[in-house]
Amino acid sequence: MKRKTDEFEAHSEDGRRFFVTIYTDVINAGTLTDPNATIDGLKSARTSEGYHCNFIDQNTWEIVELGLRIRRL
């Protein structure tokens, strides 16, 4: 299962704006004493257009399909 954990607006150097959503995999970590326990797994990012984003640093991402770097506003 995935859970939306963050969303933000970002822009490229040429002025294009993108809305990015971060999703986190939720992993079932239940035990006999806590059967509903979960832990956060891998994170993934996509633009509202469906493009995949790779993390570069806290404020910089790269849109894979476009080869375009964007920065968080």
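Buried means under 20% relative accessible area. T21 has 9% relative accessibility, so T21 counts as buried. The model described here is predicted. Three topics follow the opening residue: a cluster of aromatic rings, a pocket, and a set of single residues with their contacts.

**T21, the opening case**
- T21 is found in strand β2.
- Several residues from elsewhere in the chain touch T21, once neighbours within four places in sequence are left aside.
- They are K4, D6, E7, S44, A45 and R46.

**Aromatic rings**
- The model has 2 aromatic pairs.
- One pair joins F8 and W61, with 5.9 Å from centre to centre.
- The planes of F8 and W61 stand at 40°, and the pair is tilted.
- This pair links distant parts of the chain, with F8 in strand β1 and W61 in strand β5, residues 60-63.
- F8 and W61 are 53 residues apart.
- Both F8 and W61 are buried.
- F55 and W61 form an edge-to-face pair, 5.3 Å centre to centre.
- The angle between the planes of F55 and W61 is 75°.
- Ring pairs thus tie F8, F55 and W61 into a cluster.
- W61 has a relative accessible area of 9%, so W61 is buried.
- F55 is exposed, because its relative accessibility is 55% and exposed means over 50%.
- R72 also meets the cluster: its charged end sits over the ring of F8.
- That charged end of R72 is 3.8 Å from the centre of the F8 ring.

**The largest pocket**
- The largest pocket has a volume of about 190 Å³.
- Its lining includes F55, W61 and R72, named above with the rings.
- T5, D6, I22, K43, S44, A45, C53, N54 and Q58 are also among the lining residues.
- Strands β1, β3 (38-47) and β4 (52-57) each supply at least two residues of this lining.
- By type, the lining divides into 5 nonpolar, 4 polar and 3 charged residues.

**Strand β1: D6 and S12**
- D6, a residue of the pocket lining, is found in strand β1.
- D6 is partly exposed, with a relative accessible area of 28%.
- Beyond its neighbours within four places in sequence, D6 is in contact with V20, T21, I22 and R72.
- D6 and A45 are 39 residues apart along the chain, and their C-alpha atoms are separated by 9.2 Å.
- S12 also belongs to strand β1, which covers residues 2-12.
- S12 has a relative accessible area of 2%, so S12 is buried.
- With neighbours within four places in sequence left aside, S12 is in contact with L68, R69 and I70.

**Strand β2 and the loop after it: D25 and A29**
- D25 lies in strand β2, residues 17-28.
- D25 is partly exposed, with a relative accessible area of 24%.
- Which residues does D25 touch, not counting those up to four places away in sequence?
- D25 touches M1, K2, I39, D40, G41 and L42.
- D25 and P35 are 10 residues apart along the chain, with 18 Å between their C-alpha atoms.
- A29 is found in the loop between β2 and β3.
- A29 counts as partly exposed, at 27% relative accessibility.
- A29 is in contact with A37, T38 and I39, leaving aside neighbours within four places in sequence.
- A29 and I39 are 10 residues apart in sequence, and 6.3 Å separates them in space, C-alpha to C-alpha.

**Strand β3: T47**
- T47 lies in strand β3.
- Its relative accessible area is 5%, so T47 is buried.
- Apart from neighbours within four places in sequence, T47 is in contact with F18, F19, V20, C53 and I63.
- T47 and V26 are 21 residues apart in sequence and 20 Å apart in space, C-alpha to C-alpha.

Methods
Residues are numbered from 1 along each chain as its sequence is written. This is a predicted model: local features need pLDDT of at least 70, side-chain atom pairs count only at pLDDT 80 or more; totals for chains, interfaces and linings use all residues. Side-chain values use heavy atoms; hydrogens and water are left out. Helices (H or I, at least four residues) and strands (E, at least two) are DSSP runs, numbered from the N terminus. Buried means under 20% relative accessible area, exposed over 50%, partly exposed in between (1.4 Å probe, protein chains only). Contact means heavy atoms within 4.5 Å. Rings of Phe, Tyr and Trp (its six-membered ring) pair if their centres lie within 6.5 Å; planes under 30 degrees apart count as stacked, over 60 as edge-to-face and the rest as tilted. A charge sits over a ring if NZ of Lys or CZ of Arg is within 6 Å of the ring centre and within 35 degrees of the ring normal. On a 1 Å grid over the protein atoms alone, a cavity is a set of points where a 1.4 Å probe fits but cannot get out, and a pocket is an open set with protein on both sides within 12 Å along at least five of seven lines; lining residues have an atom within 4 Å of a point. Grid points are joined across faces, edges and corners, and a volume is the space filled by probe spheres set on the points. Ala, Val, Leu, Ile, Met, Phe, Trp, Tyr, Cys and Pro count as nonpolar, Asp, Glu, Lys and Arg as charged, and the others, Gly among them, as polar.
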